[in-house]
Every structure is written in structure tokens, then in C-alpha cells.
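Trainee: Have you got a few minutes to go through this one with me? I have some questions.

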Amino acid sequence: MRIEAPELLAALPRLGVERWPGTALAERTYFGIGGTTDLLRIRDRQALPELVRLLRDYGIPSRLLGGGSNLLVADGELPWVVLQLAPLAPAVQIEGQTAWVDAAADLGATVTQCARANLGGMEGLIGVPGSVGGALRMNAGAYGTQIGSFVREVVVYRAARGVIETLRGEQIRFEYRHTSFDADDMMLAVKLELVAKPFAEILHTIRICNEKRRASQPLNQKSAGCIFKNPPGASAGRLIDELGLKGFRVGDAMVSDRHANFFINAGAATCADMLRLIDLVRERVRRAYGVELEEEVIIWKA
Ligand SMILES: Cc1cc2nc3c(=O)[nH]c(=O)nc-3n(C[C@H](O)[C@H](O)[C@H](O)COP(=O)(O)OP(=O)(O)OC[C@H]3O[C@@H](n4cnc5c(N)ncnc54)[C@H](O)[C@@H]3O)c2cc1C
């Protein structure tokens, strides 16, 4: 979608918003899939309420992009603009055993920066790509660690009411790849409470996690991580693997031959190819096991 209203275009620089017209989301997502739209990069978080109100006044729908590592985006000209928080510096501010982190910060870089201050606990999250805001939305987790366990406060723009609020950790439910935030809440910053540990010990655990990831995941291919959530008591990847579906493809959308719950864009896959592959695999699992797989990847349909 192109922003055309001259008054709106004129307001963007005043709000500190950079407009990147006709951005291909294929270049902004780890899947390498997604059509084009105007991307609005927001530096001044306090300008968000006015920006969102203006977009609403002009009838322009919007979506919020983090690092693009858990997204499958529709093909072609997209019917909404995309907002993205521009990174701020410093992204991480340490106070004792807590760290205030900007939502646009890279999650892995945050884990490393905290480690350098002898603050650990989040080592398991080291290889989870994307932003801290996206990790909060998804309650990202790996190797027995989930980000929600460390959250003490979150500064969030509550788009439904047009206000920026600070929520305490106890006010938010963090579940398996799900949180109780409202669908249009935008996380702006988080206060994490970490565990005091020597840097060398944290680094050792980080190395183990990185090795495990490298051994089991197709990290040099375009994917969005796990496509499906694990059903209760089972592994989605194992169910798919047992059906012999590794390497199964629709066009260039393919079930990874390394990890059956990772689907990859093996060349020029479209969103339509990937959606078809997701449906076919889900159907095969349903027929074989009577299990309904639920997507972990977030799908932005046009
Ligand atoms: C190779 C690979 C490995 C992965 N491994 C793991 C893993 O081990 N564990 C795991 O949990 N995930 C994993 N993922 C998935 C993904 O990295 C996580 O879900 C990540 O936390 C998403 O963050 P993001 O910033 O990229 O979000 P995006 O993909 O940009 O967005 C995901 C959702 O979050 C919302 N969002 C983004 N930023 C904000 C914000 N500031 N406020 C509110 N909502 C926001 C978006 O609107 C969207 O709905 C993996 C992905 C890849 C490609």
C-alpha cells in the first residue's frame, strides 16, 4: 500500500518517522517471502500514538514488523503499511541485576551484552533470531528457557486505547509461544531481571546451545524457525519426520531435510507455495495421527 495523502506524508518527518516506499518484505523476512508496501520506521516512541491515530484517520491499516524471523507474508502489493521500531542506542542499560532493553534490540546481541556484565539466565535464547519485541510477543523460548521468565516490566503502546503504559510482569501471562498481550499492543521496552553468573560460565552454556542448534537446524537456509507448535506431549517435527515428509515440496517451499518442523524457501518460493505446503503437511499429520497442528509462524495474509 502506498501512502498518498499529502497531509499525512507531510506529518511523517515531523513525527520523526522515516518512510521507505515500496519496500519488498521478501528482503525483510528470514523466509525471503513477502510482497511490497510502504515501511514506516519509528524513532521517537512517544510519536506512536499520533502516528497510529493519523493512519486510522486516513483509513490506512498497519502491521508491526520486528526482525521478521517468525513471519510468512503474503505475495504482491500488500493492503497495509508496515511499522517498524528503529533501533535506539544504547539498546541495553544495565542496573544491578536488571537490564532495560529497547524492543528493537536484537535478542542475541542482548543476551551477549548482558553476559558481558556477568548477567545470565537467558543463554538458551542465544540463537533465536529477531528483536526483543518480537520475542516478547511470541514468548520466544529454547532449551528450557523462555523470555517471559525474566520479564519484570514492559512498556507497551496500547493501540486500542492510544496510551503508553508500563505493565508489571505479573500482569502478563507468558505461555508456550503465546502471551496475554492484546493483539494490537506494541512492546517498546522491557525490564529483565537476570541471574548473576561469571561470564565464562555463561559463555560455556552459550557455546553448547549454539552447537546443538547448528547440529539440528538448517541455519544456512531461509526459514522462519518452527512452522508448527508442538502438540501436547509430542514433537511436531518428529510426527512430520515419521511420515517421511523431509524434502517434500510445493514449488520452492520445502520441508527441511535436516529438521522436519523447519520449512524452507529453497529458491523462489511464494507465500502461496508455503501455505499450500503447510496445509498438505497438516492434513497428512491429521490423517495419520488425528492431531491438529497449530502454526507457530505468524501469517500475514493479504
Ligand atoms: C533459524 C530460526 C530459528 C528459530 N528458533 C527459534 C527458537 O528456538 N525459539 C523460538 O521461540 N523461536 C524461534 N524462531 C522464531 C523467531 O525467531 C522468534 O519467534 C522471534 O522471537 C520473533 O522475533 P521477530 O522480532 O523476528 O518478530 P517478527 O517475526 O518480526 O514478528 C513476529 C510477531 O511479533 C510481533 N511483533 C514484533 N515486534 C513486536 C513489538 N515490538 N511489539 C509487539 N509485537 C511485535 C509481530 O507483529 C508479529 O506478530 C526461529 C526462527 C528462525 C528463522
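Mentor: The model is predicted, and we can take the ligand site, then the strands, the backbone and the cysteines.

Trainee: Ligand first. Which residues come nearest to the ligand?

Mentor: There are 35 residues around the ligand, and Leu64, Gly67, Ser69, Ser131 and Gly141 come nearest.

Trainee: How do the residues of that shell divide into nonpolar, polar and charged?

Mentor: The shell has 17 nonpolar residues, 13 polar ones and five charged ones.

Trainee: And which element gives the largest share of the shell?

Mentor: Helix 4 does, with five residues. Elements that supply at least two shell residues each include strand 3 (62–65), helix 4 (132–138), strand 15 (185–193) and strand 21 (298–300).

Trainee: What lies 2.8 Å from an oxygen atom of the ligand?

Mentor: A polar side-chain atom of Arg213. On the nitrogen side, a backbone N or O atom of Met187 is 2.8 Å from a ligand nitrogen. A side-chain N or O atom of Arg137 is 3.4 Å from a nitrogen atom of the ligand. The protein covers 93% of the 970 Å² of accessible area that the ligand has on its own.

Trainee: Stay with Met187. Where is Met187 found, and is Met187 buried or exposed?

Mentor: Met187 is in strand 15. Its relative accessible area is 5%, so Met187 is buried.

Trainee: How many residues apart in sequence are Met187 and Arg137?

Mentor: They are 50 residues apart in sequence, with 7.8 Å between their C-alpha atoms.

Trainee: Now the strands. In what order do the four strands of the open sheet come?

Mentor: The order is 17-20-19-18, with antiparallel pairing. Strand 17 and strand 18 (249–250) are the edges, each pairing on one side only. Two bridges join strand 18 to strand 19 (residues 253–255). Within that pair, Val250 has Ala253 of strand 19 as its bridge partner.

Trainee: What do strand 11 and strand 12 form?

Mentor: A hairpin, with four residues between the two strands. Strand 11 (residues 151–158) and strand 12 (residues 163–168) pair in the antiparallel sense over six bridges. Tyr157 stands opposite Ile164 in strand 12. In the turn, Gly162 has a positive phi of about 75 degrees.

Trainee: What about Asn139, which has a positive phi although it is not a glycine?

Mentor: Phi of Asn139 is about 45 degrees. Asn139 sits in the loop between helix 4 and strand 9, and is buried because its relative accessible area is 0%. Arg177 also has a positive phi, near 50 degrees. That residue lies in the loop between strand 13 (174–175) and strand 14 (178–179). At 16% relative accessibility, Arg177 counts as buried.

Trainee: Which peptide bond is cis?

Mentor: The one from Ala89 to Pro90, with omega near -5 degrees. Pro90 is in the loop between strand 5 (81–85) and strand 6 (92–95).

Trainee: Last topic, the cysteines. Why is Cys209 in no bond with Cys226?

Mentor: Cys226 holds the closest cysteine sulfur to that of Cys209, but the two are 15 Å apart, so they are too far for a bond. The cut-off is 2.5 Å between sulfur atoms. The disulfide count comes to zero.

Trainee: Are those cysteines buried or partly exposed?

Mentor: Cys209 is buried, at 6% relative accessibility. Cys226 is partly exposed, with a relative accessible area of 23%.

Key
Residues numbered from 1 in each chain as written. Predicted model: local features only at pLDDT ≥ 70, side-chain atom pairs only at ≥ 80, totals over all residues. Heavy atoms only, no water. Buried < 20%, exposed > 50% of the residue type's maximum accessible area, 1.4 Å probe, protein only. Near = heavy atom within 4 Å. Polar contact = N/O pair within 3.5 Å; in protein donor to acceptor, adjacent residues only side chain to side chain. Areas by Shrake-Rupley, 256 points an atom, 1.4 Å probe, with all protein chains shown as cover. Nonpolar A, V, L, I, M, F, W, Y, C, P; charged D, E, K, R; others polar. Pairing = 2+ DSSP bridges.
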